[in-house]
Amino acid sequence: MQNNNNRTPHLVWLFPGYLAAHMSSTVVLTMTENLRKMGWKVSPVTAGPPEQKQIDGVDVVSLQTPDIYLLRQIIFHLKFIKFLLKNWSSFDIVLVAQTTVPFLPFLKFIRWLKRTDLPLFIMDTRTVPMEDMRKASIKDKLRARFNNDMNALANHWVAGQTAITERMAELVKIPPQKLWGVWSSGVSLELFQPARNLRQWPKDDEPIHITYVGVLHYERNLMALCQAVIKANNEGMKFLLTLTGRGTQRHELEEFAKTTQGQIVVNNAVPHDQVPMMLAKEHVGVLPFPDEEKYRVSSPIKLFEYMASGLPIMATRIACHTDVIKDEGYVFWAEDSSVQGLLAALKKIWEARASLQQMGEKAIIAAQDHTWEASARKLSDALLYGLHSQTQHCFELGEILLEEQS
């Protein structure tokens, strides 16, 4: 390999939405910080006012766009192309999602005109449409169709791809030669340390606090969880369920909670840095998802955050959970997502309430294998592999890592 460009690689992370208000902000911002610590130059580019130079202390590039459906995507990408042209020679990789795929032929044409092999355009797939297509709106169905079409087109237009899990890569049909690597969700162990330090475990006569934090959509099976909690309490057990977030089923869950005399509480979504203090009040983290393909291929962030905060886990026995949880010493499995299946898991929790603290300690140990730093290392390795295999350029960071591996 010729050493004609011996420098640190520069990654542009394109986020066409409003990153500051999006649930994916934790992923982008935390990964950016970790990649920078490893020596990368990273420039997240997002929609937002020009004066927005940082989000949660992380430097970003903001492109102002109108809040008009569809039109905002076109304007955002036109502004991004202008930004890219001004800084073309300094960028090595542009990491995109499905929304950017329609603009890739034009971007690749510009690169051809410039007679350069950089930047490389890489697509990352973190999720698939979560709506039930049998009940989805026309807009949701069109969005799902667009997502599927862009996955297929990306196989021809991007240099390589990354995905959240191997199962996701298989589902969206990423060719093996295009799959540069897989990097899952993760957790910042230090952020959740307060939850571990401040938690008070329940005494025999006190209720067990169980919690779900995330999107309150119909597809998340939360009403079945609520019904299972009420059944458990009617059978003499003591559980207090807290649901935190926003979503399509929020109002229905709030109305149901009003009938439970405080056994179920629905809270507003909170900023991510406030989640640890909220989890400090809980005893078990719950993931009640049904056994459907869209969940099997995922990597739920909240699973790792529950673990890092020292919570035992109650989860349905589906692939996205079993792929992570190898030591069953900190999990209560629901064999299916029905009310009866969830009720059976609650009974196991009640019977083992004296062991919750010890189980939480095992969860903390397991969380150490699922940090954002580890995920950033996997993404870094994937991108460096692509740079070295697709171009004749050498990069200082890549050379150092290659030497370490040898």
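**Helix H7 and the nonpolar cores**

Ten of the 13 residues of helix H7 are buried, so H7 is largely enclosed by the rest of the structure. The model discussed here is a predicted one. The buried positions of H7 are Leu222, Met223, Ala224, Leu225, Cys226, Ala228, Val229, Ile230, Ala232 and Asn233. From its first C-alpha to its last, H7 reaches 19 Å, which is close to the 18 Å expected at 1.5 Å a residue. Gly236 follows the helix, and its phi is positive, near 105°.

The burial of H7 can be read alongside the packing of nonpolar side chains. The largest nonpolar core has 64 residues, and Phe239, Leu243 and Met307 are those with the most contacts inside it. Helix H7, spanning residues 222–234, gives the most to this core, with nine residues. As for Met307, its contacts beyond four places in sequence are Ile313, Val324, Tyr330, Ala363, Ile364, Ala366, Ala367 and His370. Apart from this core lies another, of 31 residues, with Met38, Ile55, Ile93 and Trp180 among them.

Two further buried positions are worth a closer look, beginning with a loop residue. Gln249 sits in the loop between strand E11 (239–244) and helix H8 (250–257). Despite the loop setting, Gln249 is buried, because its relative accessible area is 4%, under the 20% cut-off for burial. Once neighbours within four places in sequence are set aside, Gln249 is in contact with Leu216, His217, Tyr218, Leu222 and Met223. Of these partners, Leu222 and Met223 are among the buried residues of H7.

The second position, Val96, belongs to strand E6, which covers residues 93–96. With a relative accessible area of 3%, Val96 is buried too. Not counting residues up to four places away in sequence, Val96 touches Leu14, Ile122, Met123 and Asp124. Val96 and Pro16 are 80 residues apart in sequence, while their C-alpha atoms are 8.9 Å apart in space.

The surface offers a counterpart to these interior sites. Ile68, Tyr69, Leu70, Leu71, Ile74 and Leu78 form a nonpolar patch there, with about 580 Å² of accessible area together. Within the patch, Ile68 is placed in the loop between strand E5 (61–63) and helix H2 (71–86). Ile68 counts as partly exposed because its relative accessible area is 44%, which falls between the 20% limit for buried residues and the 50% limit for exposed ones.

Notes:
Residues numbered from 1 in each chain as written. Predicted model: local features only at pLDDT ≥ 70, side-chain atom pairs only at ≥ 80, totals over all residues. Heavy atoms only, no water. Helix = DSSP H or I, 4+ residues; strand = E, 2+ residues; numbered from the N terminus. Buried < 20%, exposed > 50% of the residue type's maximum accessible area, 1.4 Å probe, protein only. Contact = heavy atoms within 4.5 Å. Patch = residues over 30% accessible without salt bridge, like charges linked within 9 Å, V, L, I, M, F, W, Y side chains within 5 Å. Areas by Shrake-Rupley, 256 points an atom, 1.4 Å probe, with all protein chains shown as cover. Salt bridge = Lys/Arg side-chain N within 4 Å of Asp/Glu carboxyl O. Core = buried A, V, L, I, M, F, W, Y, C linked by side-chain atoms within 4.5 Å. Expected span 1.5 Å × (residues − 1).
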